[in-house]
Amino acid sequence: MSAAEHDGDLADLVVVGHPFAPIGMGEHLRSTVRALRAAGLKPGLLDVYGLDRGRDPDLERAYGPDVTRKLSPSLNLFCINANEVDEVLTRLDAGDFAQARNIIFPAWELPDYPQAWVEKLAAFDGLWAPSTFVQDAIARATGRSVAKVPLAVDMKLSAFLGRRWFDIPEHAFVVMFAFDFSSYAARKNPFAVLEAFEQLAARRPEAPLHALIKYKGGAPDSPERKALEARIARLNGRVQTITREMSDNEVKNLFRNADVFVSLHRSEGFGRGLAEAMALGTPVVATGWSGNMDFMDPETALLADHQLVPVKAGEYLYGEGQSWAEPDVAQASRLIEQVLDHPVEARAMAQRARRSIRIRLNPKTVGLHALEALRSA
């Protein structure tokens with residue numbers, strides 16, 4: 001296909017997925033669309049399920065005008081995971097799909113991509129991945145070329161919200177973590193964050209320490225959620241939880257109001273929450289392994305050491321025979337304490353991180369990279 005024909009396809013691009021959903025893959029799509037717009041494209045947006053329209057006014061204003069009901073007959077970018085492929089394709093016009101170039105841009109969080117999903121990816125002409133970590137996993141599994149296209153990070157606020165909005169103590173040192181039970185609690189590892197906080201509180205009983213855990217998902221009577229809430233209860237009111245659904249702007253402001261964002265994850269495909277905290281100038285303590293290492297280093301974050309350990313049965317989808325990181329919780333606790341005791345140095349590190357994200361993951365830079373990947377597919 002000639003360059004002119006490729007550029008003609010770009011004008012007809014449709015991005016398929018969940019543009020209004022308050023979930024990880026929803027933001028995966030939205031960040032990609034922001035990047036494509038910054039590069040001069042105006043893709044149509046196909047909301048495959050249509051379940052979340054109108055719930056967030058900011059998202060409706062930003063993405064509602066570009067919603068379309070049909071695939072492009074020329075070029076489509078699917079921001080979905082392989083386990084969604086069959087359901088999504090049943091909802092779309094098979095003829096349009098058959099004649100178009102179709103690219104899939106999935107997420108994944110372990111070193112090896114599931115062989116059971118490889119055949120789902122075979123339906124697509126091009127494969128994208130958000131990090132080197134995921135790129136390597138998909139390329140090994142499929143034997144195909146995979147384009148690395150990071151997720152753009154642009155943390156513009158529609159309004160500034162202070163700590164009072166969230167009932168956060170004004171003068172506390174706030175240690176924050178956020179996760180979704182649907183992303184597997186064992187992978188996100190919230191208990192490690194609580195343990196690191198507990199160790200810090202034991203060492204510094206007079207310090208104004210306040211942990212903030214934002215989580216969603218998980219049935220109220222599920223063993224994982226009950227165990228988390230029991231652990232939180234033992235901290236005698238020093239942990240605040242937020243479980244209500246929040247707007248996109250509220251979530252961004254919540255990150256901004258923390259003194260340190262802590263992620264002792266066992267694995268990340270990209271680590272969007274970490275990148276967002278960095279973009280907002282919030283110091284970050286994180287496990288130094290997996291997808292987040294594309295944009296983190298010792299100059300921009302406090303990285304906890306780890307050992308690779310086997311994924312236990314039931315801890316993650318297709319985790320059998322795979323390994324992930326077990327972070328050093330005691331060291332992580334000391335790193336949080338370092339932010340507490342040396343705020344000037346922590347702020348300087350956070351500003352380096354902010355500049356790095358703005359240079360490497362700003363929508364224009366990512367969008368031009370995505371544009372090249374679209375032309376090459």
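R30 counts as buried because its relative accessibility is 4%, where buried means under 20% relative accessible area, exposed over 50% and partly exposed in between (1.4 Å probe, protein chains only). E27 is buried too, at 8%.

This is a predicted model, in which local features need pLDDT of at least 70, side-chain atom pairs count only at pLDDT 80 or more, and totals for chains, interfaces and linings use all residues. Residues are numbered from 1 along each chain as its sequence is written, and side-chain values use heavy atoms, with hydrogens and water left out.

The structure holds 29 salt bridges. A salt bridge is a side-chain nitrogen of Lys or Arg within 4 Å of a carboxyl oxygen of Asp or Glu. Three of them appear here.

| Pair | Closest N and O atoms |
|---|---|
| R30 and E27 | 3.0 Å |
| E245 and R55 | 2.4 Å |
| D96 and K70 | 3.6 Å |

Where do these residues sit? R30 and E27 both lie in helix α2 (residues 24–38). They are 3 residues apart, about one turn of the helix. Helices (H or I, at least four residues) and strands (E, at least two) are DSSP runs, numbered from the N terminus.

E245 forms a salt bridge with R55. This pair links distant parts of the chain, 190 residues apart. E245 is in the loop between β9 (239–242) and α11 (248–256), and R55 is in the loop between β2 (44–47) and α3 (57–63). E245 is partly exposed at 46%, and R55 is partly exposed at 44%.

D96 and K70 also meet in a salt bridge. D96 lies in helix α5 (residues 94–99) and K70 in the loop between α3 and β3 (75–78), so the pair ties together parts 26 residues apart in sequence. D96 is buried, at 10%.
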